[in-house]
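Trainee: I have a protein model open in front of me, and I would like to learn how to read it. Could we go through it together, one question at a time?

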Amino acid sequence: MAERDARERILEAACDLIAAEGIDDVRIARVAMKARASTALVHHYFSTREELLEQALLHSFEQVGDERFAEGDGATLTATAALAGAIEECLPRPGRLERDWVLWVELWLRAAREPDLRPLAATLYARYHEWLEEVLQRGIDSGEFEQPTDLAALTDRAMALLDGLGLRALLRDPTMDIEAARTQVADFLAEALGIEASALLAPAA
């Protein structure tokens, strides 16, 4: 348990520094200082700086996925409420979600320049797609949502909206804040699924 805690503390420190300073400026010594660990301990878990940074990004997105779409309390919600929560959690609200969005943008930028990172980006997008499609399928199975012609394509379009509008909100576009982005995504999905958009804008019960 102590080893796991130390490793996660190092990964969290790396995530915070990537979000605050950009991935290119993060150094192992800075990560160690922020994590209250020695550089030797960081190297014990991660042989290179590149491995640490990649694992930090993966750690962030795995945590986001677990929190967004985990079984447990969320499984007691209706599919409509679960989808409303998913939309909310996929946008860059201030705090942890905004930090994770900054990490996501850092990965986009690095993968665009470095082909070796593109498989990681593709893997994370595949997981994101799977998580969101499961939420939609749950509503179809329960009869809350109409069956779309192509569920995979609908999921792709929802992700594209969340990414595009979420990025504008992250950049403080004066014409696209978080609530405007949330409303547009809700309108799109509600029409595709045969439900009222207001149901996707209500807070989860």
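Mentor: Gladly! Keep in mind that this is a predicted model. A good place to begin is a pair of helices: α5 passes α9 in a right-handed crossing.

Trainee: At what angle do the axes of α5 and α9 cross?

Mentor: Two packed helices are described by the angle between their axes and the distance between the axes. Here the helices are α5, residues 79-89, and α9, residues 178-193. Their axes come within 10 Å, and the crossing is at roughly 145 degrees.

Trainee: Which residues in α9 do L83, I87 and E88 in α5 meet?

Mentor: Let's look at the make-up of this contact before the names. By class, the contact of α5 with α9 has six nonpolar and two charged residues, with no polar ones. On the α9 side, the partners of L83, I87 and E88 are R182, V185, A186, L189 and L193.

Trainee: How many of the 11 residues of α5 are buried?

Mentor: The buried residues of α5 are A79, T80, A81, A82, L83, A84, A86 and I87. Helix α5 is largely enclosed by the rest of the structure, because the number of its 11 residues that are buried is eight.

Trainee: Staying with α9, is A181 buried or exposed?

Mentor: A181 is found in helix α9. Leaving aside neighbours within four places in sequence, A181 is in contact with L91, L165 and M176. Its C-alpha is also 7.5 Å from that of L162, although A181 and L162 are 19 residues apart in sequence. With a relative accessible area of 0%, A181 is buried.

Trainee: Why are the buried residues of α2 on the same side of the helix?

Mentor: Helix α2 covers residues 28-35, and its I28, V31, A32 and A35 are buried. They sit on the same side of α2 because they cover an arc around the axis of only 100 degrees.

Trainee: Which residue with a positive phi follows α2?

Mentor: Step just past the end of α2 and check the backbone there. The phi is positive, near 60 degrees, and the residue is R36.

Trainee: How many disulfides are there?

Mentor: Let's take the cysteines C15 and C90 in turn. For C15, the closest cysteine sulfur is in C90, and at 17 Å it is too far for a bond. Looking from C90, the closest cysteine sulfur is that of C15, again 17 Å away and too far for a bond. A disulfide needs the two sulfur atoms within 2.5 Å, and the count comes to zero.

Trainee: Are C15 and C90 buried or exposed?

Mentor: The cut-off for buried is under 20% relative accessible area. C15 has 0% relative accessibility, so C15 counts as buried. C90 has 2%, so C90 also counts as buried.

Trainee: Which residues is L103 in contact with, leaving aside its neighbours within four places in sequence?

Mentor: L103 lies in helix α6 and is buried, with a relative accessible area of 0%. One of its contacts is C15, the cysteine we just discussed. The whole list is C15, I18, A19, L57, S60 and F61.

Trainee: And is E98 buried or exposed?

Mentor: E98 has its place in helix α6, residues 96-113. Beyond its neighbours within four places in sequence, E98 is in contact with P92, R93, L170 and R172. Buried means under 20%, and E98 has 19% relative accessibility, so E98 counts as buried.

Definitions and conventions. Residues are numbered from 1 along each chain as its sequence is written. This is a predicted model: local features need pLDDT of at least 70, side-chain atom pairs count only at pLDDT 80 or more; totals for chains, interfaces and linings use all residues. Side-chain values use heavy atoms; hydrogens and water are left out. Buried means under 20% relative accessible area, exposed over 50%, partly exposed in between (1.4 Å probe, protein chains only). Axes are lines fitted to C-alpha atoms, for helices over the stretch in contact, and angles run from 0 to 180 degrees between N-to-C directions. Helices (H or I, at least four residues) and strands (E, at least two) are DSSP runs, numbered from the N terminus. A crossing is left-handed if the near helix is turned anticlockwise from the far one by less than a right angle, and right-handed if clockwise. Contact means heavy atoms within 4.5 Å. Ala, Val, Leu, Ile, Met, Phe, Trp, Tyr, Cys and Pro count as nonpolar, Asp, Glu, Lys and Arg as charged, and the others, Gly among them, as polar. The arc is that of the directions from the helix axis to the C-beta atoms.
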